[in-house]
Amino acid sequence: MNKLELEKIIFTILLEFIKDNDIEFDHELNNETRLIGSAGILDSMDLVSFIVELEEAISNAFSIEIELANDSIMSNRTSPFINISTLSDYILKINK
Amino acid sequence: MKKVLITGNRKGIGRFLTEKFIDNGYFVIGCSRQASDLVNDNYIHMICDVINDNNIVELFRELKKKDINIDILINNAGIASMNHFITTPSNTSTNIFNTNLHATLNFSKYAAKMMIKKKWGRIINFSSVAVPLNLEGELSYASSKAAVESASKIMSKELGVFGITVNCIGPNPIETDLIRTLSKDKISSLLDNQSIKRLGEFEDIWNVVAFYISDSSNFVNGQCIYLGGIC
């Protein structure tokens, strides 16, 4: 599992999630797109569902079970869910 | 066929509920520290110490491998201790909170992740009449169950949006291992607190469980029903 592979999975799951949940988002999605916070794509409930989808996608792709629980998940400053890049870094870190 | 996970189901209320669910057409996954003698095509038993986080993670990993997604979780596993709080060893309190509260939270978390995907789920937690009665001699037990009630209410708010309801049952004294050590006088004084003065029966528990899990109860969330007319 490397950063590129992870980012690809996060992109895929995020795009599906946006579509399935009719989330209004008309910008181009990239690694720096804000996921949470006032300018983010996901509200706190969306984030819970997204985490469930992402954990399962990672399990299916790499046959590993990870738990994306984190005490600072909704923090604007330190959350690993700030954008796709920070999220993939975080997943690589907890899977070390 | 709906899948039900029942913790601490080798005997007592858990065993009774397991057989009731099977009789009513559910597939049941039971877990306890020791093996179960229950054999049924619609039943599997998993060895799990509910206060061991790794055991719980492993249990849910196994369920995923077997492609079993939980629809209904019954957090039944629980322990009690009768003692004045001054003479209660601190590790007894820790064990009680780990079993009654932390195991409930952990099982609920992993089961809820499965339920969120289905947008349907039922979580039933066990409180006790020791909470509203504030029974002396049961400080650790009653306060752990009070925490379970509070946790259930907050869970119900956080999970309701996903079609998952979280409710509690507060049994009165029932003929189980938990009250076998109580004197007749103590049981009699406990029953005096009830408007209907009898020991509870397993069927009384099932009656409330059947109500909570019903599809028609999708508007019943964050509640605690006490048995025996405690209010």
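# Exercises on a sheet and an interface

**Exercise 1.** Find which residue in β2(B) is the bridge partner of B:Leu5, and state how the two strands that are joined there run.

*Solution.* In this predicted model, the bridge partner of B:Leu5 in β2(B) is B:Ile29. Next, place this pair in its strands: β1 of chain B covers residues 3-7 and β2 of chain B covers residues 27-32, and the two run parallel, with five bridges joining them.

**Exercise 2.** Work out in which order the strands of the open sheet in chain B follow one another, and explain why β3 and β7 of chain B each have one side without a neighbour in the sheet.

*Solution.* Begin with the order, which for the seven strands is β3-β2-β1-β4-β5-β6-β7, with parallel pairing. Then look at the edges, where β3 (43-47) and β7 (224-226) of chain B stand; each has a single partner strand, so one side of each remains without a neighbour in the sheet. Finally, passing from one strand to the next, the twist averages 15°.

**Exercise 3.** Determine which strands of chain B are touched by helix α2 and which by helix α5 of that chain.

*Solution.* Helix α2 of chain B, residues 53-65, packs on the sheet and touches β1, β2 and β3 of chain B, and the angle between its direction and that of β3(B) is about 145°. Helix α5 of chain B, residues 139-159, also packs on the sheet, but touches β5 (121-126), β6 (164-170) and β7 of chain B, and its direction makes about 160° with that of β6(B).

**Exercise 4.** Describe how many residues each chain gives to the contact between chain A and chain B, and which three residues of chain A supply 46% of the area that this chain buries there.

*Solution.* Chain A gives ten residues and chain B eleven, while the area buried between them is about 980 Å², with carbon and sulfur atoms giving 54% of this area. The three residues are A:Val52, A:Glu65 and A:Glu67, which supply more than any other three residues.

**Exercise 5.** Count the salt bridges between chain A and chain B, and explain why the pair of A:Glu65 and B:Lys64 joins two chains.

*Solution.* The count between the chains is five salt bridges. One of them links A:Glu67 with B:Lys109, whose closest N and O atoms are 2.6 Å apart. By class, the side of chain A that touches chain B has five charged, three nonpolar and two polar residues. In the salt bridge of A:Glu65 with B:Lys64, the closest N and O atoms are 3.5 Å apart. Because A:Glu65 lies in the loop between α2 (44-62) and α3 (84-94) of chain A, and B:Lys64 in helix α2 of chain B, this pair joins two chains.

Definitions and conventions. Residues are numbered from 1 along each chain as its sequence is written. Chains are lettered from A and ligands numbered from 1 in the order in which they are written. This is a predicted model: local features need pLDDT of at least 70, side-chain atom pairs count only at pLDDT 80 or more; totals for chains, interfaces and linings use all residues. Side-chain values use heavy atoms; hydrogens and water are left out. Contact means heavy atoms within 4.5 Å. Buried area is the accessible area (1.4 Å probe) that two parts lose on being put together, summed over both. A salt bridge is a side-chain nitrogen of Lys or Arg within 4 Å of a carboxyl oxygen of Asp or Glu. Ala, Val, Leu, Ile, Met, Phe, Trp, Tyr, Cys and Pro count as nonpolar, Asp, Glu, Lys and Arg as charged, and the others, Gly among them, as polar. Two strands pair if DSSP finds at least two bridges between them. Helices (H or I, at least four residues) and strands (E, at least two) are DSSP runs, numbered from the N terminus. Axes are lines fitted to C-alpha atoms, for helices over the stretch in contact, and angles run from 0 to 180 degrees between N-to-C directions.
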